[in-house]
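Please open the model in your viewer and keep the selection panel at hand. The stops below move from one helix to its surroundings, then to single residues, and end with the whole chain.

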Amino acid sequence: LAEGEDDGVPEQSADGDKYEDYPEDETSQGDVNTDPELCVKIAEEIKGVGTELFKQKKIAAALEKFEKSIRYLDLHPVLPESTAQELQDRYNAVLTPLLLNCALCALRLPKANNQLAIKYTTRLVDRQDTGKVNLKEEDKGKVYYRRALGYIGSHQQDEAWADLQKAKDAAPADPAITKEIATLKEAQEAKKKKEKSAYKKMFQ
């Protein structure tokens, strides 16, 4: 190879991720467009890198990796009917935590991205509602709690309240959910008090 010539082998970045940022550019291990199993394998590996970055508190970098993993899975949003059950299970086993992790990272960014948290949690709720995945109760608690936090940050208290109730039903012993319900209750009562006081003043 001449100096600077591309040998077709992707360079491994310092974090251990050897795959292209966008699936359409990835050719190192086969055709990702026709091989859903390859996409699941790549997504699993990138997710592992993201998890390590998250443990190091590199939240924005972790979010990038989790979103990148999802891009690979999204090449095959619907697996062929002939897909083995084992691969379907692997697909769901990697996509569910990726969506939850993206929401968590979005909420933990220095400036929380509430809309992004709502987007990823809503996608997981929709997968549950349409029967594409059967979430464990623990994951149901997480998805509704994290979406509620996104709604609170976006000043959508009614939606937050509905999700917190669902989170509580799924994970009744979770102290974070109980605490958030109490905090939201207080905020709603304070708001009502303020509105009542303002209304009274109008007629004095």
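**First stop: helix H2**

Select H2 and its surroundings: the buried residues of H2 pack against helix H1 (36-55), helix H3 (85-108) and helix H4 (114-129). Here a helix is a DSSP run of H or I with at least four residues, a strand is a run of E with at least two, and both are numbered from the N terminus; buried means under 20% relative accessible area, exposed over 50%, and partly exposed in between, with a 1.4 Å probe and protein chains only. This is a predicted model, in which local features need pLDDT of at least 70 and side-chain atom pairs count only at pLDDT 80 or more, whereas totals for chains, interfaces and linings use all residues. Residues are numbered from 1 along each chain as its sequence is written, and side-chain values use heavy atoms, with hydrogens and water left out.

Now show H2 alone, residues 59-73: its 15 residues reach 21 Å from the first C-alpha to the last, close to the 21 Å expected at 1.5 Å a residue, the expected span being 1.5 Å times one less than the number of residues. Among its buried residues, display Ile59, Ala62, Leu63, Phe66, Ile70 and Leu73, and then add Lys65 and Lys68, which are buried as well.

**Second stop: Asn114**

Move to Asn114, which lies in helix H4 and counts as buried because its relative accessibility is 16%. Leaving aside neighbours within four places in sequence, select its contacts Leu107, Leu149, Gly150, Gly153 and Ser154, where contact means heavy atoms within 4.5 Å.

**Third stop: two loop residues**

Which residue in the loop between H1 and H2 should be centred next? It is Lys57, found in that loop, with a positive phi of about 65° although it is not a glycine; Lys57 is exposed, at a relative accessible area of 69%. Then go to His155, in the loop between helix H5 (137-153) and helix H6 (157-170), which has a positive phi of about 60° although it is not a glycine and is exposed, with a relative accessible area of 72%.

**Last stop: the whole chain**

Zoom out to the protein, which has seven helices and zero strands, and view the C-alpha trace along its principal axes, where it spans about 85 × 40 × 30 Å. Of the 204 residues, 38% count as buried. Among contacts between residues at least 6 apart in sequence, 60% join residues at least 24 apart.
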